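User: I would like to learn how to read a few features of a protein structure, starting with what it means for residues to touch. Could you take me through them slowly?

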Amino acid sequence: MAIAAGLDCSTQNTRIVVCDSDTGEVLRESRAPHPGLAAGSAPAEIDPQSWLRSLGTAAEGGMLEGVRAIGVSAQQQGLIGLDAGGVLVRPALLRGDPRSAGAAAQLVAELGGPAAWVEAVGGVPHAGSTVAKLRWLAEHEPQHAKRVAEVLLPHDWLVWQLLGQSARRTTDRGDASGTGYWSPQTGQYRADLLSLALGHEPAVPDVLGPAEAAGHSPEGLLISAGTGSTMATALGLGLGPGDAVVSLGTSGTVYAVHDEALLDPAGTVVPLADATGRHLPQVGTLNAARVLRATAELLGTDAEGLSELALRSTPGSYGLVLLPYLDGERTPHLPQAAGTLAGLRVDSMRPEHLARAAVEGMLCGLADALDVLRERQVAVRRIFLTGSGSRLPAVRSIAPMIFGVPVVVPEPGDYAALGAARQAAWALAGTAEPPQWELRDAVTVDPGEDVAVGEAIRQQYAALREQMHPQAGGL
């Protein structure tokens, strides 16, 4: 039995899973926090050496004993600048750093607007994009920007470290697709955009194929190409054509497997590549689990209490409809919008109906995001529901009727690390397709005859959305 390991380096910690490379059975797993970070914090920058320290802690106790291959997943769209000698120029800038929002807007304008960026690399820069961080560095820390001779992403840097700081730097198409200077349509870097952002052209890593190995560690372990956390999660869940993920964090993320790069002139769709040679077009919403938390607080309960209340109501929430735009909205583009509650009547003004309206409204908002993909010919025949909100019974019960397709709810797990391990097993096997690993302990809920009920709920929601926000144009 060959053994493969996957490690995922998130903003908070490093996770390791060790698997049977043939079956995917998890043999061992561990995690360790990045030293010096307060629990729950989202740093704007960090010394990447802390990632190695947490990795060392997570690997203690023989965690990697018998492992033949390692895959790496990491937070996407960071920026690690090295000088001509391979020395770190400054701490790594991370995706969640909001300081580069103005830089992103400048870059969009300088190239000729959103459509020009979509044509160039498929998507429009935002504060999290690596290309925007390069511009921020050039503007605010020119002394550091001038020293930057090459640019790596977090997973690139970790792979390089595992390889013993080899002469060759590598990345993969999935992580590269979020930078703002690599095109998932052409599979090529845009050197002119690197120069536009930084003021000169730095070196960038070679883009490896999905099953291609980056090399071997000094100890002889095979190191696979690695990828970003979204792509690794898709690989860990075993997504294929027709599958989509709806992730219910504070905000919402929707992405699906597609065979072609999806270019959206409006810039709503982020055209990510995946870790298998396909694509993962993604749409985001600002409001997801935050809607449930805010409603629960209003009703004097918690998320579990809200779920219990919602299940006491009936589909349609006795006519209550909630537009969940509590912090504006990204999809549809309504940055100044507020939430709307309609349909108040004497018999609907009860806690259970408001609780259900919150769940239905949140899910309808995410269904709108799914429709953005469907309208662009992305097949959605099955949905994987992930994130904190997916664990609530009311969400699991209502989601299939709103989405209109079977909903798979995986058990909580480190799916990015699992996907990294699957990639390592794939590189070890050298096969045309990744090994088939069974997704264990997942629950699938089929909408059955409730599809018609869900359509009626969505029609009621859409009517209010169009009445309140006609500028959204149907979405």
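Analyst: Contact here means heavy atoms within 4.5 Å. Keep in mind that this is a predicted model. With that cut-off, and leaving aside neighbours within four places in sequence, Leu 385 is in contact with Val 246, Leu 248, Ser 390, Val 395, Ala 399, Phe 403, Val 407, Val 408, Val 409 and Pro 410.

User: Which residues touch the most other members of the largest nonpolar core?

Analyst: The largest nonpolar core has 54 residues, and those that touch the most other members are Val 246, Leu 363, Ile 383, Leu 385, Val 395, Ile 402 and Phe 403. Helix 12, which covers residues 351-374, gives the most to this core, with 14 residues. There is also a second, separate core of 32 residues, and among its members are Ala 5, Ala 58, Val 159 and Leu 163.

User: How should I read the packing of helix 4 and helix 8?

Analyst: Two packed helices are described by the angle between their axes and by the distance between the axes. In this model, helix 4 (residues 130-140) and helix 8 (residues 191-198) pack at an angle of about 35°, and their axes are 7 Å apart. On the helix 4 side the contact involves Val 131, Leu 134, Arg 135 and Ala 138, which meet Leu 193, Leu 194, Leu 196, Ala 197 and Leu 198 in helix 8. Sorted by class, this contact has 8 nonpolar residues, no polar ones and 1 charged residue.

User: How many salt bridges does a search of the whole structure find, and which parts does the pair of Arg 31 and Asp 414 tie together?

Analyst: The search finds 24 salt bridges. In one of them, Arg 31 pairs with Asp 414, and the closest N and O atoms are 3.0 Å apart. Arg 31 lies in strand 3 and Asp 414 in the loop between strand 23 and helix 14, so the pair ties together parts that are 383 residues apart in sequence. Arg 31 counts as partly exposed because its relative accessibility is 48%, whereas Asp 414, at 14%, counts as buried.

User: Which residues are joined into one network by salt bridges that share partners?

Analyst: Let us begin with Asp 371, whose side chain meets that of Arg 458 in a salt bridge of 2.7 Å, N to O. This pair links distant parts of the chain, with Asp 371 in helix 12 and Arg 458 in helix 15, 87 residues apart, and both residues are buried. Through shared partners, salt bridges join Asp 368, Asp 371, Arg 374, Arg 458, Arg 465 and Glu 466 into one network. Within this network, Arg 374 and Asp 371 also form a salt bridge, at 3.6 Å from N to O, and both lie in helix 12, 3 residues or about one turn of the helix apart.

Methods. Residues numbered from 1 in each chain as written. Predicted model: local features only at pLDDT ≥ 70, side-chain atom pairs only at ≥ 80, totals over all residues. Heavy atoms only, no water. Axes fitted to C-alpha atoms, helices over the stretch in contact; angles between N-to-C directions. Helix = DSSP H or I, 4+ residues; strand = E, 2+ residues; numbered from the N terminus. Nonpolar A, V, L, I, M, F, W, Y, C, P; charged D, E, K, R; others polar. Core = buried A, V, L, I, M, F, W, Y, C linked by side-chain atoms within 4.5 Å. Buried < 20%, exposed > 50% of the residue type's maximum accessible area, 1.4 Å probe, protein only. Salt bridge = Lys/Arg side-chain N within 4 Å of Asp/Glu carboxyl O.
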